[in-house]
Amino acid sequence: MGLLLKVFIPLLGAALAFYFYSASENFNEEMLRGKRVIVTGASSGIGEQMAYHLARMEAHLLLTARTEAKLQKVVKRCLELGAASARYVSGSMDSPTLPEELLREAENTWGGLDMLILNHIGQSGFTYFNGDVEHVRKLMEINFVSYVALATAALPMLKESEGSIIVVSSIAGRIGGPFTAPYSATKFALDGFFSSLRQELIIDKVNVSITLCILGYIDTESAVRAVSHVIPDAPAPKEECALEIIRGGALRQREVRYPPRAVGSMLLIRSLAPEFLDSIIRSSYHVENVRRT
Ligand SMILES: NC(=O)C1=CN([C@@H]2O[C@H](COP(=O)(O)OP(=O)(O)OC[C@H]3O[C@@H](n4cnc5c(N)ncnc54)[C@H](OP(=O)(O)O)[C@@H]3O)[C@@H](O)[C@H]2O)C=CC1
Ligand SMILES: C[C@H](CCC(=O)NCC(=O)O)[C@H]1CC[C@H]2[C@@H]3C(=O)C[C@@H]4C[C@H](O)CC[C@]4(C)[C@H]3CC[C@]12C
């Protein structure tokens with residue numbers, strides 16, 4: 001056991017780190033020049049930052065979220081930063097018609113699509129599960145079913161361009177911590193669906209990559225507002241997070257982990273000693289500050 005801890009685990013960690021991150025040396029921002037990219041949840045947070053990076057890289061952008069006024073500002077900034085083109089479609093992802101409408105817009109404007117970045121989430125609190133099943137149903141619709149519908153509508157164009165799907169998920173989609181039960185369920189569902197779909201695309205020899213992004217705590221306004229009174233850790237920067245997601249997607253990586261060390265060590269501890277990890281998580285939170293709804 002001693003030898004296992006001292007030699008095998010560090011070696012395994014190094015091998016995994018090499019496997020996941022060695023490709024990043026080959027990334028070149030020119031890979032995105034002229035690419036046709038959809039970003040969902042692009043009016044704020046990580047989605048907004050991804051739009052700005054892609055604009056600097058001279059991609060064509062189609063952005064979406066609910067708030068038109070915010071999308072107008074993001075589109076304007078993208079054009080200033082150098083986007084080849086930038087437009088938006090506003091709407092809520094609990095509408096079953098929005099995914100098709102968005103993909104129709106891409107087809108009519110560009111005649112194709114290279115990258116679909118699925119990033120939006122519906123509102124959910126950081127609190128004890130209060131038995132609200134309707135909230136779970138609605139969140140599943142926004143955070144999971146709409147991702148499936150968007151990927152389905154995009155696949156014909158992505159097959160044609162041998163493009164990429166990027167799914168923004170969370171460590172909460174791999175590890176069930178407290179106070180995120182409905183949110184965590186939607187993120188686990190994404191992993192199940194898109195990991196299975198990836199296998200089918202490979203079997204069918206379809207060259208569309210699927211990159212799943214496992215993110216830790218990031219300093220977006222909504223996340224900090226939701227958890228800073230409970231989680232004492234410093235959040236990682238959204239700008240760097242956004243760039244790592246784009247890099248991983250462009251390199252067609254299976255998985256992006258950000259921040260890599262924090263996410264990597266949590267996943268490693270979970271695989272070795274899950275109950276120990278659960279107790280570390282519980283004791284690191286200021287649970288007395290959680291607001292019950
Ligand atoms: N920040 C963090 O700590 C972490 C974030 N993540 C993941 O990163 C991604 C982005 O998170 P983050 O940037 O923090 O989130 P934000 O709250 O900053 O952004 C969420 C985006 O989704 C849009 N949105 C909200 N509701 C809907 C809806 N019903 N239909 C369509 N769009 C909607 C919002 O715009 P609008 O209100 O205008 O519709 C906004 O553009 C998410 O997938 C999240 O799970 C993962 C781990 C940690
Ligand atoms: C509760 C957050 C969602 C806030 C929200 O409703 N935003 C929309 C709006 O305000 O309109 C959660 C979004 C991301 C979560 C964090 C995450 O995914 C990583 C960690 C996972 C861990 O299991 C719990 C802590 C997290 C930092 C988690 C906390 C809750 C979110 C910030």
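## Report on a predicted model with two ligands

In helix α4, the residues Leu98, Pro99, Leu102, Leu103 and Ala106 are buried. Seen down the axis of α4, these buried residues fall within an arc of 130°, so they line one face of the helix. An α-helix has 3.6 residues a turn, so residues three or four places apart point the same way. On the other side of α4, Arg104 and Asn108 are exposed. The structure described here is a predicted model.

Helix α4 covers residues 98-110, which makes 13 residues. From its first C-alpha to its last it reaches 18 Å, close to the 18 Å expected at 1.5 Å a residue. The cover over the buried residues of α4 includes the strands β1 (36-40), β2 (60-65) and β3 (85-90), together with helix α5 (133-161). After α4 comes glycine 111, whose phi is positive, near 75°.

### The nonpolar core

The largest nonpolar core has 70 residues. Those with the most contacts inside this core are Ala51, Leu54, Leu61, Leu63, Leu116 and Val167. Helix α5, already named as part of the cover over α4, gives the most to the core, with nine residues.

Valine 167 is one of the residues with the most contacts inside the core. Not counting residues up to four places away in sequence, valine 167 touches Leu118, Tyr147, Leu190, Phe194, Ile210, Thr211, Leu212 and Cys213.

Valine 39 lies in strand β1 and is buried, with 32 other C-beta atoms within 10 Å. Leaving aside its neighbours within four places in sequence, valine 39 is in contact with Gly47, Met50, Ala51, Leu61, Leu63, Ile117 and Asn119. Valine 39 and asparagine 119 are 80 residues apart along the chain, and their C-alpha atoms are separated by 7.1 Å.

### The two ligands

Ligand 1 is surrounded by 27 residues, of which the closest are Gly41, Gly45, Arg66, Thr67 and Ala223. The elements that give two or more residues to this shell are α2 (45-56), β5 (164-170) and α7 (221-227). Among these, α2 gives the most, with three residues. By character, the shell around ligand 1 divides into eleven nonpolar, 13 polar and three charged residues.

Around ligand 2 there are 16 residues, and Ser170, Gly177, Tyr217, Ser222 and Ala223 come nearest. The largest share of this shell, four residues, comes from α7. The shell around ligand 2 divides into nine nonpolar, seven polar and no charged residues. Ala223 is thus named among the closest residues of ligand 1 and among the nearest residues of ligand 2.

### Buried and exposed positions

Cysteine 241 lies in helix α8 (residues 238-250). With 24 C-beta neighbours inside 10 Å, cysteine 241 counts as buried. Leaving aside its neighbours within four places in sequence, cysteine 241 is in contact with Ile46, Leu215, Ile218, Ala236 and Tyr258. The C-alpha atoms of cysteine 241 and arginine 292, which are 51 residues apart along the chain, are separated by 30 Å.

Serine 196 is found in helix α6 (residues 181-203). With 9 C-beta neighbours inside 10 Å, serine 196 counts as exposed. Serine 196 and methionine 50 are 146 residues apart in sequence and 26 Å apart in space, C-alpha to C-alpha.

### Backbone features in the loops

Two residues other than glycine have a positive phi, as the table sets out.

| Residue | Phi | Location | C-beta neighbours within 10 Å |
|---|---|---|---|
| Glutamate 58 | near 65° | loop between α2 and β2 | 17 |
| Phenylalanine 179 | near 75° | loop between β5 and α6 | 20 |

With its 17 C-beta neighbours, glutamate 58 counts as partly exposed, whereas phenylalanine 179 is buried, with 20 other C-beta atoms within 10 Å. A residue is buried if 20 or more other C-beta atoms lie within 10 Å of its own.

A further backbone feature concerns a proline. The peptide bond from tyrosine 258 to proline 259 is cis, with omega near -10°. Proline 259 is found in the loop between β7 (255-258) and α9 (260-272). Tyrosine 258, on the other side of this bond, is one of the residues in contact with cysteine 241.

How values were computed: Residues are numbered from 1 along each chain as its sequence is written. Chains are lettered from A and ligands numbered from 1 in the order in which they are written. This is a predicted model: local features need pLDDT of at least 70, side-chain atom pairs count only at pLDDT 80 or more; totals for chains, interfaces and linings use all residues. A residue is near a molecule or strand if its C-beta atom, placed from the backbone, lies within 6 Å of it. Ala, Val, Leu, Ile, Met, Phe, Trp, Tyr, Cys and Pro count as nonpolar, Asp, Glu, Lys and Arg as charged, and the others, Gly among them, as polar. The expected span of a helix is 1.5 Å times one less than its number of residues. A residue is buried if 20 or more other C-beta atoms lie within 10 Å of its own, exposed if 12 or fewer, and partly exposed in between; C-beta atoms are placed from the backbone. The arc is that of the directions from the helix axis to the C-beta atoms. Two residues are in contact if their C-beta atoms, placed from the backbone, lie within 7 Å. A nonpolar core is a set of buried Ala, Val, Leu, Ile, Met, Phe, Trp, Tyr and Cys residues joined through C-beta atoms within 7 Å.
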